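Here is a friendly walk through one protein model, from the overall make-up down to single residues. Keep the viewer open as you read.

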Amino acid sequence: MIWSLCLIISLSNRILVIASSSRHLCRPYQKDALLEFKNEFHYNVMAGKTESWRNNTDCCSWKGISCDPKTGNVVELDLQDSFLNGPLRSNSSLFRLQHLQTLDLGLNNLTGILPASISNLKYLRNLTLYNCNLFGKIPSSLGNLSYLTDLDLSVNDFNGELPGSVGYLNRLTELRLVSANLSGKFPLALLNLSELTWIDLRSNKFEGILPDSVSNLKYLRVLSLGGCSFYGQIPSSLGNLSYLTNLDLSHNEFIGELPDSMGNLKKLTDLGLDHNKISGNFPHVLLNMSELTQIDIGSNQFEGMLPSNMSSLSKLVYFDINENSFYGSIPPSLFMIPSLIQLYMGRNSFSGPLEIGNISSLSPLGFLALGDNNFNGPIPRFITKLVGLWYLDLALWNTEKGKVDFSIFLHLDLFSDLMSLGYLDLSGINLKISPTLHLLSPIEILTLSSCNIAEFPKFLETQTSLSYLDISANQIKGQVPKWLWRLPLLRYVNISQNSFTGPFPLLPNSTKFFLGSNNHFSGEIPKTICKLASLDTLVLSDNNFNGSIPRCFENFSTKLSVMHLRNNSLSGTFPEESIGDHLKSLDVGDNRLSGVLPKSLINCTRLEFLNVENNMINDTFPFWLRLLTNLQVLVLRSNEFHGPISSPAFSLSFPKLRIFDISKNRFTGVLPSYYFAGWTAMSLVIDIVDIMPSRFEGRDSGNLYNSVSMTAKGLVMELVGSGFTIYKTIDVSGNKLQGDIPESISLLKELIVLNMSNNAFTGHISPSLENLTNLQSLDLSQNRLSGEIPPELGKLTFLARMNFSYNMLEGPIPQGTQIQSQSSSSFAENPRLCGVPLQETCGRGDDATTQEKEDEDGEKDQVLSWIAAAIGYVPGVFCGVVIGHILSSYKRDWFMKIFHSFA
């Protein structure tokens, strides 16, 4: 009887469910709200999930919609990646869906602010607005969503701090704000959210000390603070977060040693501390954390030897200690960890022969980086047992046997079983490669830079999987073999710093990166280059190319990022055609280009580096460059630019500019006092993304060796490599600028080199220059400056070189240490200047005698002025030439060019 009753009830429920599924659950007013919401946006392509939304169907059956089966209320709206375009309006019909519990609008283009009316959705539990192009401040009304448990606002362009009202979200368990452009200190409001298990604040502008009270969040499993600007000691209280499994503090500015309390994190599996300034020996507390699978402490200041019992990390999969100062031998126990797959130990000071002993032939090790250490002796034979190896870096291994025959690897069966090897770096090893060598492994990335190779490796002809080849800085002569360009997957080629000759090679259409600088290529750059629609980087500097620049670079409007044609013999005008908004670096310096600077460059809104030095460009100052807000290096030196460099119509603002060199042109006019007011990068200590970020797979591939000459400390130096991120310089020398030196120059507190020599500046030297506390080189020579040298300049402790010669300065030379260390030539030809290091002493004589002398000098000055006027009126041209010759013969030694290159 009971079973019969249960059967009847069960059948009744099924009938009710079937009946309920056959009728429409959706409430009409909610359907209307959804359709209105759909129409608030425009769609560039298909409408995504909303394509299925029809007025004559049940909205609970629409894609992205979930309803409560009992009430019919819409409780979930998932329109992630649905091609929505347009702002989320404050009065959007979305906010009429009062019963929503889950809202996901991620990966749409909701360009605009996040409206405060989002708080109308008071029952929301999950809110995802990931990568929606939102900007402005996060509304404080967000704190009213008291049921919220999961919040993701990552990858947007908000500004300001996280509102304190977030501290009212007492049910919040997971918070993701990755790359949201937020700033300020660590949000203390989060410390009130005791239920939090997940905090991800990576890649924001947070700064300051990480508070000890973060340990209040006792249920935290994931704490990711990488890519911010936190500094100071890592708080020992982190050791109290006993549930923590993932800790990411990478890419910050933490200092000191890792606290011993970290050893209490027994559940920790992933530890990321790379790219900080953490010091001390290898943290032994890590050896007690047996659950660790990933350790990354690379790019820090660790030192000492690794402990011998590394095998206690029995579950370790990923171990990265690159770029530290570890030394001694590598403990064999490290290679005995059965789970280890990736091992990165490059750029340390490990030494001696590498002796591992018996390693298991079943080792899963797939990535092994040992390059840039002090290893010596033969290539270790244990590598033959790593049959799963894909990545091998042995760069700069000292084999102590002179040239190493590349085929020795085959004779030792080193690579015969490594059929999976895809990345091989043998840079800096003195190699001899047999023309009959045949390599079985399908290598994808091969780096043989600085290997003293004299012939192009022929074994590459059969490497059909090769996509990246770097054979730079060798001694290879002749033409590049044509078979190289038939390799079907080849995208990156670096053959720079060799002795290749002949015309420009016919690159395949698949080429993305070609670096061929410092060779002997000649002839014109062929128009066939116009067919390389995928070209991203073209570096042909320091060759013998002639002719004009091909007029086809508009073909690369969506691809080309780097074009370097420096130091060739290219002539003609620079093509006016746009070369695209993706261009980041353009260097055509040291050629014979003429005409004007193409205004089409205004379209290159990503441009960071522009160098046209040492050409014959005849143009006025390109004021439109101020619209290129990413510009970091601007070099116009040694051309025929002319006219004023300031305009009354607008201020010249360069927020990211760090090198400004317009020297040796014919610029004229007066600079207003506010001229340098908007040059933020030289005013503040701010981090700017490196001009040449690493975008390639190979070794040091991000360094494209940008190069520009600059005058500093009396020398003409070649600034290359990392120098661009270090030096902040202004050079306006060798022009005809007049008037006072702009007072706003004193705002540029990060300036290192200032050269305003050989102009016609007048007035006094401002004492406010003492604000330039990082200044190392100051040259104000050959102007018409008057008055005294401000004693405040003696406070500039980094100022190693200064030059005030050939002005009209007077009075005693200040007695500061930096000033007294200068040679007398730095103060020469200032008739009324006195004191050390000049021979003229500063003393007080008879007042009457002094007055008489001044009167006599005044009379003589008037006579000389009339004589000068007469000379200028009658034979002015002839005397001008003679006087110019006399003045040029009195140039001091510090005017001579001394070229010095440094990386």
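## The chain as a whole

Of the 903 residues in the protein chain, 52% count as buried. Please keep in mind that this is a predicted model. The secondary structure consists of 8 helices and 61 strands. Among the contacts with a separation of 6 or more, 53% are between residues 24 or more positions apart.

On the outside, the protein chain exposes about 39,900 Å². Carbon and sulfur atoms supply 53% of that area.

## The nonpolar core

Which residues have the most contacts inside the largest nonpolar core? They are Trp679 and Ile730, in a core of 225 residues. Elements that each supply at least two residues of this core are α2 (28-39), β1 (65-67) and β2 (74-78). The largest share, 4 residues, comes from α2. As background, nonpolar side chains in soluble globular proteins tend to be buried together.

## A parallel sheet

One open sheet is built from 7 strands, and their pairing is parallel. To trace the sheet in the viewer, follow the order β33-β35-β37-β39-β41-β43-β45. Why is one side of β33 and of β45 left without a neighbour in the sheet? Strands β33 (477-478) and β45 (616-617) stand at the edges and each have a single partner strand, so one side of each stays unpaired in the sheet.

Within this sheet, β41 (residues 569-573) and β43 (residues 592-595) are joined by 3 bridges in the parallel sense. One position to look at is Ser571, whose bridge partner in β43 is Arg592.

## Aromatic pairs

The structure holds 39 aromatic pairs. One of them joins Tyr344 and Tyr391, with 5.9 Å from centre to centre and 75 degrees between the planes, an edge-to-face arrangement. Tyr344 belongs to strand β23 (residues 342-344) and Tyr391 to strand β27 (residues 391-393), so this pair ties together parts that are 47 residues apart in sequence. Are these two tyrosines buried or exposed? Both Tyr344 and Tyr391 are buried.

Another pair brings us back to Trp679. The ring centres of Phe676 and Trp679 are 5.0 Å apart with the planes at 80 degrees, so this pair is edge-to-face as well. Phe676 is buried, with a relative accessible area of 1%, and Trp679 is buried at 0%. Ring pairs also link both residues into a cluster with Phe621, Phe623, Phe641, Phe650, Phe654, Phe660, Phe667 and Tyr675.

## Charges over rings

A member of that cluster, Phe650, has a charge over its ring: the charged end of Arg626 sits there, 3.7 Å from the ring centre. A second case involves Arg176, whose charged end sits over the ring of Trp198 at 4.5 Å from its centre.

## Backbone details worth a look

Most residues other than glycine have a negative phi, and most peptide bonds are trans. With that in mind, a few places deserve a visit. Where is there a cis peptide bond? Such a bond joins Val836 and Pro837, with omega at about 15 degrees. Pro837 is found in the loop between β60 (832-834) and α7 (847-873).

Positive phi values turn up at Gln497, where phi is near 60 degrees, and at Glu829, where phi is about 60 degrees. Gln497 is in the loop between β34 (492-494) and β35 (499-502), and with 37% relative accessibility Gln497 counts as partly exposed. Glu829 has its place in the loop between α6 (817-820) and β60; Glu829 is partly exposed too, with a relative accessible area of 45%.

## A lysine beside the sheet strands

Our last stop is Lys599, located in the loop between β43 and β44 (609-611). Its relative accessible area is 48%, and Lys599 is partly exposed. Which residues does Lys599 touch, not counting those up to four places away in sequence? The contacts are with Glu576 and Trp624. The C-alpha atoms of Lys599 and Pro622 are separated by 8.0 Å, while the two residues are 23 residues apart along the chain.

How values were computed. Residues numbered from 1 in each chain as written. Predicted model: local features only at pLDDT ≥ 70, side-chain atom pairs only at ≥ 80, totals over all residues. Heavy atoms only, no water. Pairing = 2+ DSSP bridges. Phe/Tyr/Trp six-rings, centres within 6.5 Å; stacked < 30°, edge-to-face > 60°. Buried < 20%, exposed > 50% of the residue type's maximum accessible area, 1.4 Å probe, protein only. Lys NZ or Arg CZ within 6 Å of the ring centre and 35° of its normal. Contact = heavy atoms within 4.5 Å. Areas by Shrake-Rupley, 256 points an atom, 1.4 Å probe, with all protein chains shown as cover. Core = buried A, V, L, I, M, F, W, Y, C linked by side-chain atoms within 4.5 Å.
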